[in-house]
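Subject: Structure handover

Hello,

Here is the structure you asked for, with the sequence alongside. My notes on what turned up in it follow below.

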Amino acid sequence: MDNNTKNFGAFLDRTLKIIRHNYLKAFRDNDLDITTEQWVILDRLYKEDGLSQNELASDSFKNAPTISRIIDLLCKKGLTQRKQSSADRRSFHVFLTDQGRKTCQRAYPIVNGLRAQGWQELSDQDYDDLLRILNQIAENFRSPTP
């Protein structure tokens, strides 16, 4: 492989920018005041409410300060709330508010449409292959170079 011509990072970056742009436009066009990063957290909480900030960080591949900032914004918008953990006073769990749950319910048809658009002409096997490849690339960069 000619490493000078295999700049996969640029292709990943381009694709991510296009996806984010389409999500933001669809959210804005449907009067949903959320970003793609906020949607990832709302979606995760809709599926399993009451996760800790550390769990949300791990699930979304974001660091703790970034997650804290996203949750701060979601709390200000009235979509989530933090509650102190009864087991560990230093830990907080995040819950959707009624407004947050309604926002998710409004967003799901939009998100499902965008996902269908993105996967046109691609198979379930393509999706599995993409995840396998992306996970392998991440692992390759986590591992020390030989």
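A search of the whole structure finds 10 salt bridges. Please keep in mind throughout that this is a predicted model. I describe some of the salt bridges next, then the overall layout, the pocket, the nonpolar patch and two backbone angles.

Salt bridges

In helix α2, D43 and K47 are four residues apart, and so they are separated by about one helical turn. Their side chains meet in a salt bridge, with 3.3 Å from N to O. The two ends of this pair differ in how much of them can be reached from outside. D43 has a relative accessible area of 10%, and because buried means under 20%, D43 counts as buried. K47 has a relative accessibility of 58%, and because exposed means over 50%, K47 counts as exposed.

R44 and E48 form another salt bridge through their side chains, at 3.1 Å from N to O. R44 is partly exposed, with a relative accessible area of 24%. E48 is also partly exposed, and the value for E48 is 39%. This pair does not stand by itself: R44, E48 and D59 are linked in a network of salt bridges.

Helix α6 holds a further pair, E139 and R142, which sit three residues apart, about one turn of the helix. The salt bridge between their side chains is 3.2 Å from N to O. E139 is partly exposed at 37% relative accessibility, whereas R142 is exposed at 61%.

Overall layout

The protein has six helices and three strands. Read along the sequence, these elements follow the pattern α-α-β-α-α-β-β-α-α. The C-alpha trace spans about 55 × 40 × 25 Å along its principal axes. The protein has 146 residues, and 27% of them count as buried. D43 from the first pair above is one residue that counts as buried.

The largest pocket

The largest pocket has a volume of about 1,800 Å³. Its lining is made up of 32 residues, and those that lie nearest the centre of the pocket are L16, I19, Y23, L130 and L134. Which helices supply at least two residues each to this lining? They are α1 (8–29), α2 (36–47), α3 (53–60), α5 (98–118) and α6 (124–142). The largest share comes from α1, which gives 10 residues. Sorted by class, the lining has 16 nonpolar, nine charged and seven polar residues.

The nonpolar patch

F8, L12, L130, L134 and F141 make a nonpolar surface patch of about 470 Å². Both α1 and α6 supply at least two residues of this patch, and α6 gives the most, with three. L134 is worth a separate look. This residue lies in helix α6, and L134 is among the residues nearest the centre of the largest pocket as well as one of those that make the nonpolar patch. L130 also appears among the residues nearest the pocket centre and in the patch. At 32% relative accessibility, L134 counts as partly exposed. A residue needs over 30% relative accessible area to be part of a patch, and L134 has 32%.

Two backbone angles

Most residues other than glycine have a negative phi. Against that background, two residues are worth checking when you open the model.

D31 has a phi near 55 degrees, a positive value in a residue other than glycine. Where does D31 lie? D31 is in the loop between α1 and α2. With 67% relative accessibility, D31 counts as exposed.

E121 has a phi near 65 degrees, again a positive value in a residue other than glycine. E121 is placed in the loop between α5 and α6. Is E121 buried or exposed? E121 is exposed, with a relative accessible area of 83%.

Regards

Conventions. Residues are numbered from 1 along each chain as its sequence is written. This is a predicted model: local features need pLDDT of at least 70, side-chain atom pairs count only at pLDDT 80 or more; totals for chains, interfaces and linings use all residues. Side-chain values use heavy atoms; hydrogens and water are left out. On a 1 Å grid over the protein atoms alone, a cavity is a set of points where a 1.4 Å probe fits but cannot get out, and a pocket is an open set with protein on both sides within 12 Å along at least five of seven lines; lining residues have an atom within 4 Å of a point. Grid points are joined across faces, edges and corners, and a volume is the space filled by probe spheres set on the points. Ala, Val, Leu, Ile, Met, Phe, Trp, Tyr, Cys and Pro count as nonpolar, Asp, Glu, Lys and Arg as charged, and the others, Gly among them, as polar. Patches are made of residues with over 30% relative accessible area and no salt bridge: like charges are joined within 9 Å, nonpolar side chains (Val, Leu, Ile, Met, Phe, Trp, Tyr) within 5 Å. Accessible areas come from the Shrake-Rupley method with a 1.4 Å probe; for residues, only the protein chains shown count as cover. A salt bridge is a side-chain nitrogen of Lys or Arg within 4 Å of a carboxyl oxygen of Asp or Glu. Buried means under 20% relative accessible area, exposed over 50%, partly exposed in between (1.4 Å probe, protein chains only).
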